[in-house]
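I opened the structure to take notes on confidence, nonpolar cores and one helix pair. My entries follow the display.

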Amino acid sequence: MAEITFWLLALFTIASAVIVVTSRQLIYSAVALLFSFIGVAGLYIYLWADFIGVVQIMIYIGGITILILFGIMLTNKITSVRISHTSVQRRIAAGGLTVLLGLLITMIIKTPWYLVAASEPTQTVESIGKMLLIDYLLPFEVVSILLLGALIGAATLARRGR
Amino acid sequence: MIIASLFILFLPLLAFLIQIFWGRRLPRQGDFVAIAAVGGTLVIALGMLLAILLKFDPGFQREAAFEWVNLGAFQIKLGFLIDNITVIMLVVVALISTMSHIYSTRYMGGDPLYSRYFAYLGLFTFSMNGIVLANNLLSLYIFWELVGVSSYLLIGFWFQKDSAADAGKKAFLTNRVGDLGFFIGIMLFFTAMGSFNYQDIFNGVANGQLSGIMLTLAGLGLFCGAVGKSAQVPLHIWLPDAMEGPTPVSALIHAATMVAAGVYMLVRLFPIMTPDVLIIIAYVGGFTALFAATIAITQNDIKRVLAYSTLSQLGYMVMAVGTGAYTAGFFHLVTHAMFKASLFYGAGSVIYAMHNALHKLNDHETDAQDMRNMGGFKSRMPITYWTMVVATLAISGVPFLSGFISKDAILAGTLAFAGHSPQHFLVPFFGFTAAMITPFYMLRLIYLTFHNEPRQTHIYIKIVESPRAMTVPMIVLSSLTFFAFYTLPQFNPFAGNGWFTSLVTAQDSLVTGFAVVSAHEFAEQVHHNHTLAMILSVSLAGLGILFSWLFYLKRKLSADAWAQRSGFIYRWSFHKYYIDEIYDRFIYQPFLRLTDKVGYTDWDLYDQKFIDGFGRVSEKLARLSGTIDWEGLDKMIVNGIGRFFQRSGQSLRQAQTGRLQNYLLFALLAIIVILIIQVL
Amino acid sequence: MDQLQTYLIIGAVLFCLGLYGVITRRNAIAILMGVELILNSANVNFVAFARFGGMNMSGQIFALFVIIMAAAEAAVALAIIINIYHLYHSINVDEPSELKL
């Protein structure tokens, strides 16, 4: 059962991603992106990373997708429902990327991965919290400054020119 | 000492930060912060000078370092090295910087970016002190670039003027050319020694870890950096243009300190220069000394004359390093900093007076820097006049002034150099000829500006002496040209021995197989040639002064007539030997044309001629074989190939659109190729 | 084919799709979506290694940081896009191409 849902999830994620990059309508792309993020969040839960999964839902789906939708609305006339967008150099990119994907998959399969058998952690949130405030305190603080900077920067950038 | 030097380094940085963030809101736009900071560094530097004078030990050295990067096998330590040369240089930088700050309070008064100007000065002082204090090539390089940045900011300070903005860019880019070589040199040392530290590199060279042609190349790389920063031929083109910056900046950066950084670096690293490098250094320096002097004769812009005179004097210093008399070069660096800064302040004072006069007259056309609009200012600006005269006599090498003893030491060095390698007789020739031309053009400046009857009477009557904030730095620096400041406790104006020569002594070269001469023998030879050099230089300087007097004060000889008679020589000199034009013609234009050609090859030639041509040829071949073979198949295959190439040609053509996504696609294809190679 | 490789392949597929979007799309927002997909693919790899490769929690923390960066990046990028829109009245990346000769 778990096996089947896993494969369905993976298929769901990838299919949504395909729609994101191929759909001719921007809104469809954005909505498909949302579903793709949900699929990835599901994958995280399969990987025993429930906290990251929740964060993924909160930030990506609750934040970034909404931001992107806002971006679409702000940069197009709200009345034109069918906001279409075209693509360039599709064939050559598709060909190149297929080759790249083939190569990547060959490498992934050929490489003898170093695997460690691990048991399922009981308290992911607790250990992540501890690590963030002990081992990764400096990056944590730096990232908070980065977020502040991005906040201010985005606000000033978007305000200018009015 | 180390703590004190930390203060010296970081006080100007602190001033910079305060000025750049809060400068506009402080009373008087915060100029007192900057002056207090550099004044503090001056006090500390003078204290350090006193300390080394009390110790009076030529081998005095202090070093401190901290670990910056530690990756096990790979470590980088940054730190300070303080010896007598460092302390003297710190005093020079702090002194000229303080004077420039004080001078700028009036000269730059009322400028809309007044506080930012002082911030940039602080940044410059910080970086310059960093260069002076560095004990390793890496931090030297970092501060070297910082100095370049602050120089760029200050040259282009009046960026509303296109010429100033362009001059800033030119200075920065020209310096980059030299810095490329400098970086290669540093990396050659690093790969050989595994360390950036001076002492490690010295030891490594002494042990022969880097020797022969590679050491020569590395030394040449370092010299490239000096060529860029100290504006030697062929990278001298930026310095005259740098005069677009404010005059106190020209005095501080483009006369006394930054341009001397190249010489300072060569002096520091002299022991690891191979004889081949030294000969190149000597020729480049000597040639620059003469070359720039000949240009200075014909310039009419008061600051440009000083700029070319700076080039010429820097050439002297570099030449001194090349001949082995590098302590004399450093000596000249110090004395030159004093009198050249004083000369620039004088020129700035004249320009300031001219500006004010023109402002009162509502005249925006007349060039305030052109000496042809001046004349007779002596009675109007007595303090400026006398300080400039003293500084001019110092640069001319008149006895009892500092320029005489330092220039004399260099010339004696060139004679000694030619003594042990007579095939290089050109080096002293360059030196002595420039020594004759220097007083000529410097006095020309004085005579044209201050003597005779005024050329523009209506401007003349509006000229007034500059305020005290500007005259005091001039008086201080021109009084520092008195020889005794450099020769105490001795008091012999002709020998030039004293605390300076006792504290700064030449080291032996560490290059293995440096067969020429040891420092001691060289000093002996210099001593032998001392009297000869002195007699020659004094008489040549006298000759230059005499001619200048005849031409420009007494008008016994007509300068215009002589200019006419000398024909192309005058024209060449006036147009600075067309160096800028030559670079434009032979470097910039061909480069632009090359890019055009590449574009043409790709678009028109490759796409249309080659690929379409291939298609056409294939088509013809197909027709030809069609008569023999089955037409359809042939046409399909051959035309298919033709069409394939045509189409790929067209898509290649699309690739040159300047769209980022196309480039990304190419990056992707390249990655695929690399991956395929890896997998196979 | 064990589980780790499955996840890595999913990551690779997502990566290639994202790159396809970045290369082919003309609309700046659509390109941004492609970038987000690429970031997600990297995150899948991090978390997969955390689970199977003995990276433990560090892998998850990496993923966390990547998510934070993505949020900051999306905010700034959209601000820039809106600015471009005001300037050129279009957010097709090939129209404001100052790089073009």
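What pLDDT does chain C average? I read a mean of 83 for chain C, with 88% of the residues at 70 or above; pLDDT is the predictor's confidence in each residue, from 0 to 100.

I note that this is a predicted model, in which local features need pLDDT of at least 70, side-chain atom pairs count only at pLDDT 80 or more, and totals for chains, interfaces and linings use all residues. Residues are numbered from 1 along each chain as its sequence is written, and chains are lettered from A and ligands numbered from 1 in the order in which they are written.

For the complex I found an ipTM of 0.86 and a pTM of 0.69.

Next I looked up the largest nonpolar core (buried Ala, Val, Leu, Ile, Met, Phe, Trp, Tyr and Cys residues joined through C-beta atoms within 7 Å; buried means 20 or more other C-beta atoms within 10 Å of a residue's own, with C-beta atoms placed from the backbone). It has 207 residues, and B:Leu90, B:Val92, B:Val263, B:Val318, B:Val321 and B:Ala341 touch the most other members. Helix H14 (residues 326-360) of chain B contributes the most to this core, 20 residues. I also found a second, separate core of 74 residues, which includes C:Leu19, C:Leu32, C:Ala75 and C:Ala79.

Last, I checked a helix pair (helices are DSSP runs of H or I, at least four residues, numbered from the N terminus). The axes of helix H5 (residues 137-155) of chain B and helix H11 (residues 258-268) of chain B come within 10 Å and cross at roughly 160°; axes are lines fitted to C-alpha atoms over the stretch in contact, and angles run from 0 to 180 degrees between N-to-C directions. H5(B) and H11(B) are therefore roughly antiparallel (angles over 145 degrees).

Key: A residue is buried if 20 or more other C-beta atoms lie within 10 Å of its own, exposed if 12 or fewer, and partly exposed in between; C-beta atoms are placed from the backbone. Helices (H or I, at least four residues) and strands (E, at least two) are DSSP runs, numbered from the N terminus. Angles under 35 degrees count as roughly parallel, over 145 as roughly antiparallel, 65 to 115 as roughly perpendicular and the rest as oblique.
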